[in-house]
Each structure stands twice: as C-alpha cells, then as structure tokens.
Amino acid sequence: MSACQEYFDPSHQLVRDSVRRFVEREILPQIDEWEEAGSFPRELYLKAGAAGLLGIGYPEALGGSHEGDLFAKIAASEELMRSGSGGLVAGLGSLDIGLPPIVKWARPELRERVAPLVLSGEKISALAVTEPGGGSDVANLQTRAVRDGDHYRLSGSKTFITSGVRADFYTVAVRTGEPGYGGISLLLVEKGTPGFTVGRQLKKMGWWASDTAELFFDDCRVPVGNLIGAENMGFACIMGNFQSERLALALMANMTSQMALEESLKWAREREAFGKPIAKFQVLKHRLAEMATALEVSREFTYRQAAKMAAGKSVIKEISMAKNFATDTADRITHDAVQILGGMGYMRESLVERLYRDNRILSIGGGTREVMNEIISKQMGL
C-alpha cells in the first residue's frame, strides 16, 4: 500500500518502517500459534513499550512521542494490522481507549502514576463501558457508584471488555447521578481492589488473540481521587473518546480490506482454471476492480476525516459515516476474498479466513452501525 503524500510525511514513513520491522520480528513468526491459543504473551506489551510503539501520540512527559501527530498514530496502527490479527491489535492497543481519558482529564497525580506504566508496557489499560443489558446505549448504563466519604462504593457489572482478564487499570463508566447521560462519571479501578472480580475469558467468533472478559463490582471501594474528570461529566468524556475509537475501527476495516484484496490478487494470478490464471476471467477481473475501487474511496474518505480531526474540526457526523462505509466495504471485500479463494478461503491456514471472522466485529464495536446512522441523522437535523 502506498502512503498518500498529502497525509503522510517522511517522519511518518520512519514510524511505519519501525513498526513494520517490529511486526516482522516479534509478531509474525508466532501469530498463528497465538491465535490458536487465544492469547499472546504479556511480554509483548513490554517489547512494544520498549520499541516506542505504545507511546505514539502521547505526551513525551509521560513516556510518549509524536504527541498530537495523528498520522504518526495512523501509520503505526496500519502496520500493526499487517500482523493479520485484529485480536492482537485490539489487545495490544486497548490502552488507546482506556488511557486517553486519564491523560486528558484525570488529576495530575493519577495521570503521572498510571500513564508511564502503561506506555512502557509494564501495566495494561482497559476501558469498561458496555454492560450486559445495555450494549451501545451508554446513556442508560446501570453500574452505580455512591459517594461514601473519601471513597465511592461501586456495584454492577461490565461485559465484552477488551483486555478485561489481564488489565491492571480499568477506566470504568459508572452512574453517580440521575438517570440519563447527565449522571455518568468515569472512575479508575485498579486490579486487586476489594469487591472487584474478573469473570471468565469470553470465547468469540473472531479476534481470538484478544482477551475479552466480564467484570463484576460488589460494593467495591474506589478512592475519590480516582475520579477521572468532573463528577457527572463522564458522558462527554466517553463521547470524545468514541470519535478516536471510531476512526481506529475505520482504519482497521480499511486495512482488513487491503490485506484481503492483496491475498485475492495473489491467488487470482497464481491459481489456474481451464488452462489459464483465474485473474484472466472477466468476471474476476471486474470483481477485483470493484474491490479496489471501494477500498480507495473508503481509505481516502477516512484519511480526510482524520485530517480534519487533526486540525481540531468537529467530525461527529463524518467519522460515523467513515466507520460505516469502511466496515461495509470490509464486509464486501472479505466476503469476496473468501469466494475468490474458494475452498482455501474457508481453511484456517488462509489469512482471508481470519480476516473474514475478525472483520465482523468492526461494525459493532465503538457503537453499532445502527447507532452510527442515528448519529448521522441527528447531525442532519432529522
């Protein structure tokens, strides 16, 4: 994939090259084994931290680099997807949804204690918003935190939490006020806090290498100092975080499409039927042309919204559009890739088989496709 010069400069290419070497050295030789095992070694966080991968986009004072350079982050994210495992990328990258609220809104003492440990890979950060009965309906979450002196007493549960089993720091959305979005806060809950237990590791259709868990809070006492941002202002923090998460999911979808297209092209050029490469058959040539066209449109639109985000512009409507378009495109391209490879596309040894499975979560995570359409229509004044 050639990087568009309008968005990426030579420093971004250096980031891309560095992450590519890391993936080739530390991930690709073991990724099939890790996928089958449903996990990857915790040591990989330390290696990624030491290589500077985890800190991209975060303040240097906290152990990061390229602060405010969104396209450095994009370059790194795209190269990590070259691992071929959305689950590994989601697990290794769970800090990018768990840590930003702490960096932006937590008290300095909390931020300076937590962020450097996460960016170095010594500790793992996770975001805990989704509840068993809530799904994408964040405004109606039920996990409650009641102020009791210098602590909050926290009760409730969360589910589908990425890095839920082995995280050390959990950015947890709780209800501290009245029903609705105006009564939500964010609290940092640390592993080992009395009353906090981690449930079973959940088995999933895709993203096998990521650990996904249920969390339970039974009168769990959390210090008031672990409040992230102002009390009852958590919903705004969550929504701000969601914009970045939706961009990340669109990028994952586009890279999923890219790899599926590449595998399809390789197969079509090498595989023969009726005495010639199947790429010579018009029906397949046209299908591949349509796959490539859809991907180019999706990628350009996603980059355009990222550029506007980097410039400080509001893209609430557009980033929802980008996520939907990118995931719809990946749905079509991964489906077509499996079809082009035929029986081999259905085999676990085939990359497109994993891409097809991993892709399915992308239109659900970070707000479902239907929720994205609600946001888009509201932004249109409907």
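A salt bridge here is a side-chain nitrogen of Lys or Arg within 4 Å of a carboxyl oxygen of Asp or Glu. With that in hand, Asp 17 and Arg 20 make a good starting pair: their closest N and O atoms are 3.4 Å apart, so they qualify as a salt bridge. Keep in mind that this is a predicted model. A search of the whole structure turns up 25 salt bridges, but 0 disulfides. Below is a quick tour of some charged pairs, one buried aspartate, the cysteines, two unusual backbone angles and an annotated domain.

**Salt bridges**

- As background, side chains of opposite charge can pair when their charged atoms come close.
- Asp 17 and Arg 20 both sit in helix H1, which covers residues 10-27. They are 3 residues apart there, which means about one helical turn separates them.
- Asp 17 is partly exposed, at 23% relative accessible area, and Arg 20 is partly exposed too, at 31%.
- This pair belongs to a bigger group: Arg 16, Asp 17, Arg 20, Glu 78 and Glu 79 are linked in a network of salt bridges.
- Arg 354 and Asp 32 meet in another salt bridge, with 2.7 Å from N to O. Arg 354 is in helix H12 and Asp 32 is in helix H2 (residues 31-37), so this pair ties together parts that are 322 residues apart in sequence.
- The two partners sit in quite unlike surroundings: Arg 354 is buried, with a relative accessible area of 8%, whereas Asp 32 is exposed, at 51%.
- Arg 166 pairs up with Asp 211, and their closest N and O atoms are 3.6 Å apart. Arg 166 is in the loop between strands E3 (151-162) and E4 (169-175), while Asp 211 is in the loop between strands E6 (196-201) and E7 (212-223), so the salt bridge ties together parts 45 residues apart in sequence.
- Arg 166 counts as buried at 16% relative accessibility, and Asp 211 is buried as well, at 6%.

**A buried aspartate without a salt bridge**

- Asp 358 is found in helix H12, which spans residues 351-359.
- Asp 358 is buried yet has no salt bridge. The nearest side chain of opposite charge is that of Arg 357, 4.3 Å away, and that falls outside the 4 Å cut-off for a salt bridge.
- What does the side chain of Asp 358 reach at 3.1 Å? That would be the backbone nitrogen of Gly 86.
- A polar atom of the Asp 358 side chain also lies 2.6 Å from the backbone nitrogen of Trp 207.
- Leaving aside neighbours within four places in sequence, Asp 358 is in contact with Gly 84, Ser 85, Gly 86, Gly 87, Gly 206, Trp 207 and Trp 208.

**Cysteines**

- For background, a disulfide is a covalent bond between the sulfur atoms of two cysteines.
- The search of the whole structure finds 0 disulfides. Cys 220 is in none, and the nearest cysteine sulfur, belonging to Cys 237, is 20 Å away.
- Looking from the other side, Cys 237 is in no disulfide either, and the nearest cysteine sulfur to it is that of Cys 220, 20 Å away. To count as a disulfide, the sulfur atoms would have to be within 2.5 Å.
- Are these cysteines buried or exposed? Cys 220 counts as buried at 0% relative accessibility, and Cys 237 is buried at 6%.

**Backbone angles worth a look**

- In general, most residues other than glycine have a negative phi.
- Trp 207, the residue whose backbone nitrogen lies 2.6 Å from a side-chain polar atom of Asp 358, has a positive phi, near 50°.
- Trp 207 is placed in the loop between E6 and E7, and it is buried, with a relative accessible area of 12%.
- Phe 274 has a positive phi of about 55°, although it is not a glycine.
- Phe 274 is found in the loop between strands E9 (272-273) and E10 (276-277). At 82% relative accessibility, Phe 274 counts as exposed.

**The annotated domain**

- An unreviewed UniProt entry lists residues 232-380 as "domain: Acyl-CoA dehydrogenase/oxidase C-terminal".
- Over residues 232-380, the chain is 75% helix and 3% strand. The C-alpha atoms at the ends of this stretch are 28 Å apart.

How values were computed
Residues numbered from 1 in each chain as written. Predicted model: local features only at pLDDT ≥ 70, side-chain atom pairs only at ≥ 80, totals over all residues. Heavy atoms only, no water. UniProt positions renumbered as here; feature names shortened; annotations may be inferred. Helix = DSSP H or I, 4+ residues; strand = E, 2+ residues; numbered from the N terminus. Buried < 20%, exposed > 50% of the residue type's maximum accessible area, 1.4 Å probe, protein only. Lys, Arg positive; Asp, Glu negative; His and termini not counted. Polar contact = N/O pair within 3.5 Å; in protein donor to acceptor, adjacent residues only side chain to side chain. Contact = heavy atoms within 4.5 Å.
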